[in-house]
Structure formats: structure tokens, C-alpha cells
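Q: I have a structure open and would like to learn how to read it, feature by feature. Could you walk me through it?

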Amino acid sequence: MRTALLRNGARAAAAALAFATALGGAATATAQDEYGGHGRHPVEVSIGTSGIHAPATAQAGLVAFHVRTDDKNGHFLQAFRPHRGVTVAKVLADLAKAVDRTSPTNAARGISAVRDEADALGGAQVTPAVSETFTTPIGAGPVVLLDFTAFLADPAHPVTRTLNLRGSRHGGSSEDLAAFPDSIVITRETSAGPRFDVNALRRAKDDILVHNASDELHEMALQPVKRGTTDAQIQAFFGGNGSGTPPFTGPSLGLGVISPGRTALLETHHLPPGTYALLCFVPDDRTGRPHVAEGMHKVVVLT
């Protein structure tokens, strides 16, 4: 893995070293079990039409959320923590504005407020066939788990569950140098708009370390597309307000929203090989348009 990343450039290798160190061993998960071990604290979560099922408490540090669903249409779990003095109700009210598809102005204001009011800790977009684990350092205190699928359908009646983390308020350790993950995706700002910087993502079984190096909220949806799909076709579809032919062949998977400066490790379990598009649907904090419409997408072929 070190060689592969070095082939992709010194900056990518340096990023890998820094991110792996920050995760303190989270990238080498398989030696003990599928999604725990190596200093990680696993949290089992199931989500579906019956709500969110998760423990009431867990250990702070490198928290590994293993997320499953029995919803045949797939389900999306999002985790966040309001900043001190901000209520959960306030964050959810502004998030409702952010997902308002009728008003880009409202969406921009809403997502800007959410960015400033809470830490977005990541999440999982799962199906019955593909579960996921996302690992991120979180200190002691309450974490809100949100059924984002249900929220999109009815923002006025959010479905949540609170997980109380106990232990260190500083979150995960960065003392031990972890082995490199299989691949790294950096979300960053460019002169052309937000983009995915993809390094060494080649296999469906790859563990992906995702770092948000921008000043906005971003997600990394992972959606199967037709073989031969290009980024130009993705741009034509989303940039043209959905007037093109949808290239998708299945429901979205991938990592939920993370705040600027945060890093999360995504492990997909039983992801089939194929062609996928990395997508970010978070609205831009200035235009209110989804980032994917502004060019934040990347087609990858996973063997």
C-alpha cells in the first residue's frame, strides 16, 4: 500500500501517514474481527422502517459504528453532535432548511447554520446486502443518531436516538502509527469548485480513509452506475437539473456527512465489484446547489 500511494505522489503519501496516525490504528481492522479491535470501540446499529436500534452508551475514543438495515430500499444513518449551547432541535430545524429542494437560498442558509452549530461525525448508507462500518474519533458526551432517510421524507418528524459516550473527552488517540488504509479520498476546494481527490481506490473490498480538507460539509456517497459511465455523463445529468438519462443501477451506499477537518474510515462489507460514482449531495453554502451539480463526483471501477 505504501508503494501504491507513493506512486500517486508525495502529497498523497504524506496525507496517508498523517491520517493513519490520527486514527491510531483504526485502519487495520481485520486481524481481530470484522469491524472492531485494535483500540476501536464497536457500536452495533440497525436502522429501518422500525426506527434506530442502538445501545444507550458506549466507549468514547475510536468509535466504530457497524450499521445494518432490513429495508429493501436501503437506509441512511447520520451521526452528529451539537456544539455547546446549541440544542438538537435547532440543528434539526436548520437541517430541514438545508434539504429544502424548492429554495436554494434556504438550503444555503440552512447548511451554513448546521456547519457552525454541530460536528457532523459521518454516517452510513446501507442496504440489506451491504452493511458498513464507519470509524471516527469522538470524545465523551452525547451523539445524536439521525434516520436521514426518514428525515428527507418528513423533516417535521425526525427519528433520532441518543448515544452517550463515556471516557476521554478528547476522543481517539494519535500516539500509535497505524498501517496505511487501502485507499484515501480527500474532499477539497479547488478553483473549479469542491472535488474528490481519490488515491489508490481500486478494489470493492478496500477500506477508504476519507478526510474533509475543505471548509464545508461533505459526504461521500458511493452509488453503482452503468459500465462505461463517465464523469462527463454524471455532470450532464446533475448539471442539467436531471434532464439527462440516470446512469444509476442501484441504491446509494457510502459515507455520511463529515465536518471540515474531520476524518473517518469507511468499510463496506460485501460490496460487489463494479463501476461506482463518488457523489456529494450536500448543498453548497453559497449557492444552495448540491455539490454534485457543481462537479463533485468521481467515477471509479472497483474490481
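Q: Let me begin with strand pairing. How many bridges join strand E10 to strand E12, and do the two run parallel or antiparallel?
A: Happy to help, and please keep in mind that this is a predicted model. When reading a pair of strands, look at the bridge count and the direction. Here E10 (residues 183–190) and E12 (residues 208–212) are joined by five bridges and run parallel. To find your place, start at Ser-183, which stands opposite Ile-208 in E12.

Q: Which sheet do these strands belong to, and in what order do its strands come?
A: For a whole sheet, read the strand order from one side to the other. This one is an open sheet of eight strands, ordered E2-E1-E4-E7-E15-E12-E10-E11, with mixed pairing. Its edges are strand E2 (51–53) and strand E11 (193–199); each has a single partner strand, so one side of each has no neighbour in the sheet. On average, neighbouring strands in this sheet are turned by 25° against each other, ignoring direction.

Q: What can I learn from E4 and its two pairings, to E1 and to E7?
A: It shows what mixed pairing looks like. With strand E1 (residues 40–48), E4 runs parallel over seven bridges, and Glu-44 stands opposite His-66 there. With strand E7 (residues 131–138), E4 also has seven bridges, but that pair is antiparallel; the bridge partner of Val-63 in E7 is Thr-136. Burial adds to the picture: of the eight residues of E4 (residues 61–68), seven are buried.

Q: What is the strand order of the nine-strand sheet?
A: That open sheet, again with mixed pairing, reads E3-E9-E8-E5-E6-E14-E13-E16-E17. Strand E3 (57–59) and strand E17 (297–302) are its edges: each has a single partner strand, so one side of each is left without a neighbour in the sheet. The average turn between neighbouring strands is 20° here, direction ignored. At the E17 end, strand E16 (residues 274–279) and E17 pair in the antiparallel sense over six bridges, with His-297 in E17 as the bridge partner of Leu-279.

Q: Which strands do helices H3 and H6 touch or lie across?
A: For a helix on a sheet, note the strands involved and then the angle. Helix H6 (residues 231–239) packs on the sheet and touches E16 and E17, with its direction at about 140° to that of E17. H3 lies across strand E5 (75–82), E6, strand E8 (141–147) and strand E9 (160–166), and runs at about 130° to E5.

Q: How many residues are in the largest nonpolar core, and which have the most contacts inside it?
A: The general idea is that in soluble globular proteins, nonpolar side chains tend to be buried together. Here the largest core has 59 residues, and those with the most contacts inside it are Val-45, Phe-65, Val-67, Leu-145 and Met-220. Strand E6 (residues 118–126) gives the most to this core, with five residues. Apart from it lies another core of nine residues, including Phe-237, Leu-279, Val-292 and Val-299. For a local view, pick Val-45: beyond four places in sequence, its contacts include Phe-65, Val-67, Leu-77 and Leu-145.

Q: How many salt bridges are there, and what does the one between Lys-97 and Asp-94 look like?
A: In general, side chains of opposite charge can pair when their charged atoms come close. The count in this model is 14 salt bridges. In the Lys-97 to Asp-94 bridge, the closest N and O atoms are 3.5 Å apart. Both residues lie in helix H3 (residues 88–98), three residues apart, about one turn of the helix. Lys-97 is partly exposed at 41% relative accessibility, whereas Asp-94 is buried at 3%.

Q: Which residues are linked in a network of salt bridges?
A: Arg-115, Asp-116, Glu-216, Asp-284, Asp-285 and Arg-286 are. Within that network, Arg-115 and Asp-116 meet at 3.0 Å, N to O, and Asp-285 and Arg-286 at 3.1 Å. Asp-285 is buried, with a relative accessible area of 14%, while Arg-286 is exposed at 57%.

Q: Where does pLDDT stay under 50?
A: Over residues 1–14 and over residues 173–180. For the chain, the mean pLDDT is 87, and 83% of its residues reach 70 or more.

Definitions and conventions:
Residues are numbered from 1 along each chain as its sequence is written. This is a predicted model: local features need pLDDT of at least 70, side-chain atom pairs count only at pLDDT 80 or more; totals for chains, interfaces and linings use all residues. Side-chain values use heavy atoms; hydrogens and water are left out. pLDDT is the predictor's confidence in each residue, from 0 to 100. Contact means heavy atoms within 4.5 Å. A nonpolar core is a set of buried Ala, Val, Leu, Ile, Met, Phe, Trp, Tyr and Cys residues joined through side-chain atoms within 4.5 Å. Buried means under 20% relative accessible area, exposed over 50%, partly exposed in between (1.4 Å probe, protein chains only). Helices (H or I, at least four residues) and strands (E, at least two) are DSSP runs, numbered from the N terminus. A salt bridge is a side-chain nitrogen of Lys or Arg within 4 Å of a carboxyl oxygen of Asp or Glu. Two strands pair if DSSP finds at least two bridges between them. Axes are lines fitted to C-alpha atoms, for helices over the stretch in contact, and angles run from 0 to 180 degrees between N-to-C directions.
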